[in-house]
Amino acid sequence: EVQLVESGGDLVQAGGSLRLSCAASGFTFKDYAIAWFRQVPGKEREKVSCISNNDGNRLYADSVQGRFTISSDDAKNTAYLQMNRLKPEDTAVYYCAAVPDQCGWVYHGGKFYDTKPMHYWGQGTQVTVSS
C-alpha cells in the first residue's frame, strides 16, 4: 500500500521555523520526485517546492525562495521541508506528493505549471503562523 504521511505542522510565531516531514512507503522512493503544496480554504492549491530524488534538482516558488529548503533522505524514505522566517501568509495546510522521475514543473510568468499529474498524495499537515 502506498502511503505519504506528513508531520511537523504546528502553530508558530512570525519569524519562527518549522520542519515538515513526508514519510513515504509502498513505492521506490529514490525513483520519484517529492513535492510540497499548500492550500488555504477557498484558494487555489499552490506549488511550494519539489525535489527530484534521482538527480537532486530542487525547485522553489518565488514566495518561499530563500526561506524554505527542501531535502530528501533516501535511506529513510523521507522528504523534508525546512521553513525559516515564517510569515502569516505561509499559513496553510501543507501536502506532500510524489511523481515518478522528475518534478515536471515548468516555470512561466512567476509561477510553476504541471506537465504531468502527481501520482500519490499525503493527507496534509496544518501550519499556522501568528503575527
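**A walk from the core to the surface**

Let's start inside: the largest nonpolar core has 28 residues, and the members that touch the most others are Ile34, Trp36, Phe68, Leu81, Met83 and Tyr94. Keep in mind as you look around that this is a predicted model. Several strands feed this core: β3 (18-25), β4, β5 (46-52), β7 (68-73), β8, β9 and β13 (125-130) each give two or more residues to it. That fits a familiar habit, since nonpolar side chains in soluble globular proteins tend to be buried together.

Leu81 is a handy place to stand and look around. Setting aside neighbours within four places in sequence, Leu81 is in contact with Leu18, Arg19, Leu20, Trp36, Val48, Ser49, Phe68, Thr69, Ile70 and Tyr94. Trp36, Phe68 and Tyr94 turn up again here, having already been listed with Leu81 among the best-connected core members. There is also another core, apart from the largest one, with 11 residues that include Cys50, Leu59, Cys103 and Trp105.

Now for how some of the strands line up. β3 and β8 run antiparallel and are joined by six bridges. Leu18 stands opposite Met83 of β8, and Met83 is one of those well-connected core residues. β3 also pairs with strand β1 (residues 3-7), again in the antiparallel sense, this time over five bridges. Within that pairing, Ser7 has Ser21 of β3 as its bridge partner. As you trace these strands, remember that side chains in a regular strand alternate between the two faces of the sheet.

The charged side chains tell their own story, with five salt bridges in total. Arg38 is the one to find on screen. Arg38 meets Glu46 in a salt bridge at 2.8 Å, N to O, and Arg38 also meets Asp90 at 2.9 Å. What does the bridge to Asp90 tie together? Arg38 lies in strand β4 (residues 32-39), while Asp90 sits in the loop between β8 (78-83) and β9 (92-100), so the pair links parts that are 52 residues apart in sequence. Through shared partners, salt bridges join Arg38, Glu46, Arg67 and Asp90 into one network.

Are the partners of Arg38 buried or exposed? Asp90 is buried, just as Arg38 is, and for Arg38 the relative accessibility comes to 6%. Glu46, on the other hand, is partly exposed, because its relative accessible area is 30%. Another salt bridge joins Asp31 to Lys30, with the closest N and O atoms 3.4 Å apart. Both ends of this one count as partly exposed: Asp31 is at 37% relative accessibility and Lys30 at 48%.

Glu46 brings us to the largest pocket, where it is one of the lining residues. About 260 Å³ of space lies in this pocket. Along with Glu46, the lining takes in Glu44, Arg45, Lys47, Ala61, Asp62, Tyr107, Gly110, Lys111, Phe112 and Tyr113. Two elements, β5 and β11 (111-114), give two or more residues to the lining, and the largest share, three residues, comes from β11.

Follow the chain on from β11 and you reach the loop between β11 and β12 (120-121), which is where Pro117 sits. Pro117 counts as exposed because its relative accessibility is 60%, and the cut-off for that is over 50%. To get a sense of scale, look across to Asp74: it is 43 residues from Pro117 along the chain, and their C-alpha atoms are separated by 22 Å.

Methods
Residues numbered from 1 in each chain as written. Predicted model: local features only at pLDDT ≥ 70, side-chain atom pairs only at ≥ 80, totals over all residues. Heavy atoms only, no water. Salt bridge = Lys/Arg side-chain N within 4 Å of Asp/Glu carboxyl O. Buried < 20%, exposed > 50% of the residue type's maximum accessible area, 1.4 Å probe, protein only. Helix = DSSP H or I, 4+ residues; strand = E, 2+ residues; numbered from the N terminus. Core = buried A, V, L, I, M, F, W, Y, C linked by side-chain atoms within 4.5 Å. Contact = heavy atoms within 4.5 Å. Pairing = 2+ DSSP bridges. 1 Å grid on protein atoms, 1.4 Å probe; cavity = no way out; pocket = protein on both sides within 12 Å on 5 of 7 lines; lining within 4 Å. Points joined across faces, edges and corners; volume = space filled by probe spheres on them.
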